[in-house]
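Me: I've got a model open and want to check the labels people put on it. Can we go through them one by one?

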Amino acid sequence: MNASLAEVVKTLGGTFAGQLLQPCDAGYEDARKVHNGLIDKRPALVARCHGVADVVDAIRLAGNLGLDVAVRGGGHNVAGRATIDGGVMIDLSMMRSVHVDPEARTVRAEGGATWADLNRETQLHGFAVTGGVVSTTGIAGLTLGGGLGWLMSKYGLALDNLLSVEVVTADATVVRASAAKNPDLFWALRGGGGNFGVATSFEFQLHAVGPMITGGLIAHPFDNARDMLRFFRDRTAALSDDHTLFAGLIHAPDGSGTRLAAMVTCHCGPLADGEAAMLPLKQFGSPVVDALGPMPYCALNGMLDAAYPKGALNYWKSSFLAQLSNDAIDAMIDAFARCPTPMGQLLIEHFHGAATRIGVADTAFPLRGEGYNFLILAEWADPAITDRCVKWAKQTYREMERFLGAGRYVNYLNEDEVGEPVAAAYGPNYRRLREIKAKYDPANFFRMNQNIPPLA
């Protein structure tokens with residue numbers, strides 16, 4: 001197989017515009033790495049694509065040699081699904097162009113672009129679309145699996161703003177999916193992840209946002225966590241669509257290990273309205289950090305980047321809360337007091353507004369009710385404490401299970417989930433997704449993902 005691969009790479013090298021990196025090649029070690037330092041996989045080949053034709057060639061190469069494929073956009077998926085042992089990593093990180101049409105209020109971005117890339121271009125014209133809360137995240141994985149972000153209560157999830165997607169399917173065919181063209185595929189791509197092909201570009205509807213919005217972070221001593229989380233619950237019961245509010249139990253960013261209870265927020269409406277919306281947050285309790293106020297939207301989108309450095313070791317567990325009860329709050333506080341890493345967090349992402357007004361069956365993404373996504377984020381730098389950190393995340397999840405609802409956010413699913421987590425994540429949409437998978441990828445060529453097997 002190695003000889004065959006070497007021969008194919010040599011032949012293809014004359015036309016491939018990007019890079020074809022094997023383990024012996026310079027640049028391979030850096031190219032094979034993803035954001036999560038806990039993931040240590042070694043592809044037989046990293047195909048760093050420069051354009052759609054390269055993606056087509058990489059798919060054909062893998063198919064002809066019988067090699068499994070993983071697809072890398074931004075490389076942020078914590079479970080490490082962007083890479084693979086012994087197969088082909090189709091790497092889109094060189095495909096990052098972003099083109100804004102200010103008159104149509106649309107943007108088209110290639111599959112390797114990050115939200116920092118996209119926001120930088122769209123904000124030149126005073127536009128934005130719902131993106132992640134960390135700017136180094138790739139647009140592809142986040143959008144295909146859902147797309148939580150600062151603007152979701154006003155404009156829906158990232159996938160709710162899609163107008164079209166260009167995809168290279170398992171048979172190396174380039175197709176465009178939209179409401180008018182291949183509508184079944186377009187439905188599936190809006191939440192179905194990387195199951196249907198390599199998404200080489202995305203077209204989004206833009207909205208007038210910024211460049212100045214109101215937002216930031218406000219933090220309280222950990223001793224006041226119970227009161228702050230109850231306050232957070234009360235505030236989220238009556239937020240306007242302009243206002244997104246998340247909460248968490250975190251550690252101070254100075255590395256001291258000091259535990260804090262914090263809220264992070266964005267108000268994308270008029271600055272005067274944003275100032276009024278921040279006032280109750282500022283007046284509650286005695287915060288030790290108050291960084292709420294007017295700021296550029298791009299600054300807000302990058303505000304948390306430093307907390308998620310490339311190469312840090314990560315293990316996450318997540319599910320939706322049935323409700324943010326007093327007992328659930330108490331259990332979170334008890335668990336966080338035992339967190340073994342000064343980079344660990346427990347996060348609560350609140351859903352309301354436009355993201356909850358889409359029908360469950362209108363897109364593949366079914367989580368459309370108001371509520372709270374709960375994320376156990378174990379992150380650490382010292383490999384010596386890996387076992388302790390993973391054990392803490394798993395134990396915390398077990399302790400929180402009695403408070404969890406049925407929903408799962410597919411982008412947060414880990415590699416070692418038990419049962420049928422993908423089926424649970426898609427709920428009533430799962431069978432239709434399997435039917436569409438059977439049409440576009442009947443052999444399950446794209447399976448190194450949160451996999452949806454084709455319906456037989």
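Me: What makes strand 5 and strand 6 a pair?
Reply: This is a predicted model, and in it four bridges join strand 5 to strand 6 (residues 106-110). Pairing takes at least two bridges, so these strands qualify. They run antiparallel, and Asp101 stands opposite Thr106 in strand 6.

Me: Why is strand 5 called an edge strand?
Reply: Strand 5 (98-101) pairs on one side only, and strand 9 (174-178) does likewise. They sit at the ends of the order 5-6-10-8-9, an open sheet of five strands with antiparallel pairing. On average, neighbouring strands here are turned by 15° against each other, direction ignored.

Me: How do you know that helix 4 packs on that sheet?
Reply: Helix 4 (residues 115-122) touches strand 5, strand 6 and strand 10. Touching here is contact, with heavy atoms within 4.5 Å. The direction of helix 4 makes about 30° with that of strand 5. Helix 3 (residues 52-65) lies across strand 8 (162-168), strand 9 and strand 10 (198-205), and runs at about 45° to strand 8.

Me: Why are helix 8 and helix 11 called oblique to each other?
Reply: The axes of helix 8 (residues 225-236) and helix 11 (residues 326-336) cross at roughly 135° and come within 10 Å. Roughly antiparallel needs an angle over 145, and roughly perpendicular covers 65 to 115. The crossing angle fits neither class, so oblique is the label. The crossing of helix 8 and helix 11 is also right-handed.

Me: Which residues make that contact?
Reply: On helix 8 they are Ala225, Arg226, Leu229, Arg230 and Arg233, and on helix 11 they are Asn326, Ile329, Asp330 and Ile333. By type, the contact residues come out as four nonpolar, one polar and four charged.

Me: What makes strand 14 "largely enclosed"?
Reply: Buried means under 20% relative accessible area. Eight of the nine residues of strand 14 (residues 259-267) are buried, so the rest of the structure largely encloses this strand.

Me: And how do you know that strand 14 is paired with strand 12 and strand 13?
Reply: Count the bridges against the minimum of two. Strand 12 (residues 212-221) is joined to strand 14 by eight bridges, running antiparallel, and Ala219 stands opposite Ala262 in strand 14. Strand 13 (residues 243-251) pairs with strand 14 over nine bridges, again in the antiparallel sense. There, His251 has Arg259 of strand 14 as its bridge partner. Both pairings therefore meet the at-least-two rule.

Notes. Residues are numbered from 1 along each chain as its sequence is written. This is a predicted model: local features need pLDDT of at least 70, side-chain atom pairs count only at pLDDT 80 or more; totals for chains, interfaces and linings use all residues. Side-chain values use heavy atoms; hydrogens and water are left out. Axes are lines fitted to C-alpha atoms, for helices over the stretch in contact, and angles run from 0 to 180 degrees between N-to-C directions. Angles under 35 degrees count as roughly parallel, over 145 as roughly antiparallel, 65 to 115 as roughly perpendicular and the rest as oblique. A crossing is left-handed if the near helix is turned anticlockwise from the far one by less than a right angle, and right-handed if clockwise. Ala, Val, Leu, Ile, Met, Phe, Trp, Tyr, Cys and Pro count as nonpolar, Asp, Glu, Lys and Arg as charged, and the others, Gly among them, as polar. Buried means under 20% relative accessible area, exposed over 50%, partly exposed in between (1.4 Å probe, protein chains only).
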